[in-house]
Amino acid sequence: MGQFMIDDTMTLAMHIPDNFIAPQFDAVLFAIMIPVWGICMRTLITHTDAKNITTLGAGSAFSFLVMMFNVPVPGGTTAHAIGGALIAILIGPRNACIAISMALLLQALLFGDGGIIAYGANCFNMAFVLPFSAYAVYRIICGIVSSDWGEKVARGLAGYVGVNLAALCTAVELGLQPVLYRTNSGQALYFPYPMSISIPAMMIPHLLVVGVIEAAITVVVVEYVRRSAPEIVFDFDTNVYRRHMDVHWNGNIKRGIRIVLLCMVLLTPLGLLPGGGAWGEWSIDTFGQDAGLSYVPKGIANGFSFHALLADYSLKGLPVAVGYVISAVIGLSVLTIIFRLLGQLVMRTRRNRLNRE
Amino acid sequence: MSSSHTSTVMRPVSESCCIPARCKANDNDIVLPEWLTNRAPYVPDVGRKHFIQHNLLHFGRLLVRIKSGGHLEINDDCIVRLFADVHPGIRLIGLVVTIACINLTQNMLFSYVVFAVVLAALAVRPMEDMVQVLKPSVTTALLGVVLVLPSAMFAGQWSIMSRIGVRTFIVVSITVSLSRSMSWNDLFSGLSWIKCPDVIIHMVDITLQFIAILGGSVIELLEALVVRSVGRDSKSLTSSGNLLGVVFLRSHRHALEMSDAMICRGFSGSYHMRSDKRYSIWKQAIYVAVGLVMIAMAVYLK
């Protein structure tokens, strides 16, 4: 494992900003995601109803809020969980892909968390690799061990493996940039650190801390939902939702989910406690100093620039914590509105199709 | 008498004959003139009835809403229940104050705070209300963004797009939300409470009633137009103009008749709003307090 120095004030994030990956590289990952999204959307439209869309919206909102909680990791840095594994276990990996993609899109457009051009790469890592790998691990272990504790172990391992695989993909993508895209003088055009640095920098915190957190929340949340509303859990034996059209959402479950999401919104400022900036999310002005380089890669200096509405989840003039809560409220509300409208659209499409038949 | 089936054979006669000649072979044959037996296939062009159908649908929806007194059909709405016990006049003042605070603050901080509250309130509303509020809000906000796009591009003031978009969205959404959570009677009660001139309330009242009456007339005329339209109507604009002319004449006649009827019933021009509804003092106090906090925040964050 290569030796590297990381500034103690920096944090690690899985969200790849714009210009850290070459546009051509982003385009390839985006092209990989297009058929994935197509398949997932087709499954969503044909196999789900309006209430399942609501579950999907709740999952997306939960993922969005979980990603706002930063946790301290070794080295004086911070990182965050994603919640992708529990969403995949609860509503299926294809629906989880859509849910996390929506959350990432909102983060990129409204809050500048993760790039617009790098959206394909971020979705590949967090919306494709994480839920599908987590779900695969869960199914394999459930197939081997069929007891209750075995299922809990399966959930935990699914979360742990899923988030670490996603982190590994991110590290590899970043580490490939200086290898593939260099100037004639040998300077990196985009992300400057090779895999010998990016992989340990990403994997150590995720293996030691983030993976454990992801495993813990996967076990706890899935257990709560299984006890409260087993009918809404994805049934992988039949590959469809176990719930039937005439089963209604329990009012207590709805209330419970709203209370949980509200509490998470109010507790989001806790994610600011660890402090520090994000490793990799360096501004162009201080890039050299933050990255420990004597130059700013040309692709980063002259690349695409996007000014989000609420950049960095903050509002200038308000305390950071208040800005964080307001950003969480806005993000949660927008996701809820989008998924409710999506549910209405799905129902209308299905009704029109039935009428035509 | 034997029942014999009279066979009728229709045969064309020569074109030179004006009067159908009977066939000498069979006296019972009915002979039709040639011009009557010629096939004249007519396939009308496919007419675009989007104008008529769209307007019929729109008027129908409007009439349903107006004839129900502007009451909402949706009952389970936490936002409506939250504000139901606040006097409509106070709510109207609150709306005006909120719009003023949003537009008078220079920086966007206050607007973003209100934006968060508006979005959260919208997210918990019933689907129909949410869609009906979102449609005009998003449309107007996008229109505003498009209008300022040239200045943003050429002057480099990109932040103006978010400023206009967010503020327009907030203003339109809170106005439409208020209209959808308040019946017409409550609206008049509120206007009277804030000492709005009776003549304005009278105009609004008459307008709403006439919309219901004339809307019905428009629907009847549109239906008549649909029935009379075959194929593509190249004079649809003329038809629409004639329709509107008829509606105008009817409205004029209705207005004169209604004015005479109101005078006969002793209407003197003043509105006395009597309401048996009791409003919660605590809720109104909280509403006013929140409004004052909002004003203080707007001044502080200005």
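**Two chains and their cores: questions on a predicted model**

Trainee: How much area is buried between chain A and chain B, and what share do carbon and sulfur atoms give?

Mentor: The model is predicted. Between chain A and chain B the buried area is about 1,400 Å². Of that area, the share given by carbon and sulfur atoms is 81%.

Trainee: Which residues of chain A lose the most area to chain B?

Mentor: The contact takes 16 residues from chain A and 19 residues from chain B. On the chain A side, three residues together account for 40% of what that side buries. They are A:Leu309, A:Ile337 and A:Arg340.

Trainee: How many residue pairs are in polar contact between chain A and chain B?

Mentor: Salt bridges do not add anything here, as the rule finds zero across the interface of chain A and chain B. The side of chain A that touches chain B divides into ten nonpolar, four polar and two charged residues. For polar contacts between the two chains, with both residues at pLDDT 80 or more, the count is three residue pairs.

Trainee: Which helix gives the most to the largest nonpolar core?

Mentor: The largest nonpolar core has 131 residues, and A:Phe64, A:Leu65 and A:Ile330 have the most contacts inside it. A:Phe64 touches, among others beyond four places in sequence, A:Leu106, A:Phe111, A:Tyr313 and A:Leu335. The element that gives the most to this core, with 14 residues, is helix 5 of chain A.

Trainee: Is A:Ser133 buried or exposed?

Mentor: A:Ser133 sits in helix 5 of chain A, residues 119–144. Leaving aside neighbours within four places in sequence, A:Ser133 is in contact with A:Phe128, A:Gly162 and A:Leu165. A polar atom of its side chain lies 3.1 Å from the backbone oxygen of A:Leu130. The relative accessible area of A:Ser133 is 14%, and the cut-off for buried is under 20%, so A:Ser133 is buried.

Trainee: Which side chain makes a polar contact with the side chain of B:Ser111?

Mentor: B:Ser111 is found in helix 5 of chain B, residues 109–123, and is buried, with a relative accessible area of 0%. Not counting residues up to four places away in sequence, B:Ser111 touches B:Ile102, B:Thr105, B:Val166, B:Arg167 and B:Ile170. At 3.2 Å, the side chain in polar contact with that of B:Ser111 belongs to B:Arg167.

Notes: Residues are numbered from 1 along each chain as its sequence is written. Chains are lettered from A and ligands numbered from 1 in the order in which they are written. This is a predicted model: local features need pLDDT of at least 70, side-chain atom pairs count only at pLDDT 80 or more; totals for chains, interfaces and linings use all residues. Side-chain values use heavy atoms; hydrogens and water are left out. Contact means heavy atoms within 4.5 Å. Buried area is the accessible area (1.4 Å probe) that two parts lose on being put together, summed over both. A salt bridge is a side-chain nitrogen of Lys or Arg within 4 Å of a carboxyl oxygen of Asp or Glu. A polar contact is a pair of N or O atoms within 3.5 Å; within protein, one must be able to donate a hydrogen and the other to accept it, and residues adjacent in sequence count only if both atoms are side-chain atoms. Ala, Val, Leu, Ile, Met, Phe, Trp, Tyr, Cys and Pro count as nonpolar, Asp, Glu, Lys and Arg as charged, and the others, Gly among them, as polar. Helices (H or I, at least four residues) and strands (E, at least two) are DSSP runs, numbered from the N terminus. Buried means under 20% relative accessible area, exposed over 50%, partly exposed in between (1.4 Å probe, protein chains only). A nonpolar core is a set of buried Ala, Val, Leu, Ile, Met, Phe, Trp, Tyr and Cys residues joined through side-chain atoms within 4.5 Å.
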